[in-house]
Amino acid sequence: MRLNETDYDEIDASLAAHDAFLQARYPGDRPGRQPVHTVYVPADRLDDFRDWGTLALEAMDRHDFPWPDPTVRAKLAREPIEDLRVDFEDGYGVRDDDQEDAAVRKAAAILAGGPRPPFLGIRVKSLEASTRHRSLRTLDLFLDSYQDLFTITLPKVSGPGQVSAMVAVCEKLERSYGLSTGALSFEIQVELPSAVLAADGTAAVATLITAAAGRCTGLHYGTYDYSAAAGVAAAYQSMEHPAADYAKAVMQAAAAQTGVRLSDGSTNILPVGDTAQVHAAWELHRRLVRRSLERGFYQGWDLHPAQLPTRYAATYEFFRDGRDTAVTRLHRYLDRQDSGIADEPATARALGGYLLRGLDCGALGDAGFSRTRLTALTGQDEA
């Protein structure tokens, strides 16, 4: 042995700053339930969001839903929307100030009156120069009427300066409204190539997370804005285009172990028309949802009530298909049995996380382990 305690202390001292950085920047997965989707409803049509479950069930019956599952029907009757965004951006458009002010107050009143989905928030306009003041006014007005927990969605982010500005706005609003520090958080929509790859060749999305100073809870991929900005022809814009896969791979690497969650985008091929058209759209949506799940994107966007059946059918199928294998591998890992697969602690955490997600979304009634056991395995606090 050639190293002594003094050597150890010197190395510890030299790495202390890096240790602190790792702890702050990479705290691990965010504990608690992640919604499987986000539904964007234009602010002037918010009255209708409570009808989505009924409309989804009617579409299943009218067009003979090909993947019957009583748990999907029960989910649509009980909790059709998991995460609701009141949209003041593209889905709402540009209105005069008096009109948008009235829409903000009305939306806040509708949400305050309940019932509400388990997760909700608002999408304001971007912090680009042309929409910046309207964006901030909408957020301020909404907070003036509604101060329960909600998420802000910040669209069309093009650089860390906009994220830093949103942090400053959140701090100012928290002080002004007497909210606790950190009460306001936001998601960043990745809709521009400049949010993925910076002008100097670095991964811009990583700098966006850093600039958020712990307030960023998610990165949401914007399928069509991003594809259009990247020069993809409209007919080929898709969640599975190579340009989309590249952007999402960079997002995934940047967000890993930071506690920032990922959401895939949407498909604009809606289940409307005659039964043949609806079935084709359902098949596409079901396949794309499954594809996202297999790639580690556990959340996506839904644009129409008739997309909800395939969202839940594909999600439930994904977790049920892998449930028995995950339980067996985790039992063998914990019992130190020879499973034929050399699982490591990180894989065991991933297996536990997979089973927890299956429980949270309603796919699994029995995950083979108690929730307490799974949260301990994943290093999460119980939500």
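Is the crossing of α5 and α6 left-handed or right-handed? In this predicted model, the two helices cross in a right-handed sense. Helix α5 spans residues 132–145 and helix α6 spans residues 160–177; their axes lie 11 Å apart and form an angle of about 30°. Because angles under 35 degrees count as roughly parallel, α5 is roughly parallel to α6. On the α5 side, the contact is formed by L136, L139, D140, L143 and D144. On the α6 side, M166, V169, L173 and Y177 take part. Sorted by class, the contact of α5 with α6 comprises 7 nonpolar and 2 charged residues, with no polar ones.

The sheet is open and is formed by 8 strands with parallel pairing. The strand order is β7-β6-β5-β4-β3-β2-β1-β8. At the edges of the sheet are β7 (261–263) and β8 (300–302), each of which pairs on one side only. From one strand to the next, the twist averages 30°.

At the β7 edge, strand β6 (residues 216–221) is joined to β7 by 3 bridges, and the two strands run parallel. One residue pair can be named here: G218 has R261 in β7 as its bridge partner. Helix α6 packs on the sheet, where α6 touches β4 (151–154) and β5 (185–190). The direction of α6 makes about 160° with that of β5. Helix α6 thus has contacts both with α5, through residues including M166 and V169, and with the sheet, through β4 and β5.

Technical notes. Residues are numbered from 1 along each chain as its sequence is written. This is a predicted model: local features need pLDDT of at least 70, side-chain atom pairs count only at pLDDT 80 or more; totals for chains, interfaces and linings use all residues. Side-chain values use heavy atoms; hydrogens and water are left out. Axes are lines fitted to C-alpha atoms, for helices over the stretch in contact, and angles run from 0 to 180 degrees between N-to-C directions. Helices (H or I, at least four residues) and strands (E, at least two) are DSSP runs, numbered from the N terminus. Angles under 35 degrees count as roughly parallel, over 145 as roughly antiparallel, 65 to 115 as roughly perpendicular and the rest as oblique. A crossing is left-handed if the near helix is turned anticlockwise from the far one by less than a right angle, and right-handed if clockwise. Contact means heavy atoms within 4.5 Å. Ala, Val, Leu, Ile, Met, Phe, Trp, Tyr, Cys and Pro count as nonpolar, Asp, Glu, Lys and Arg as charged, and the others, Gly among them, as polar. Two strands pair if DSSP finds at least two bridges between them.
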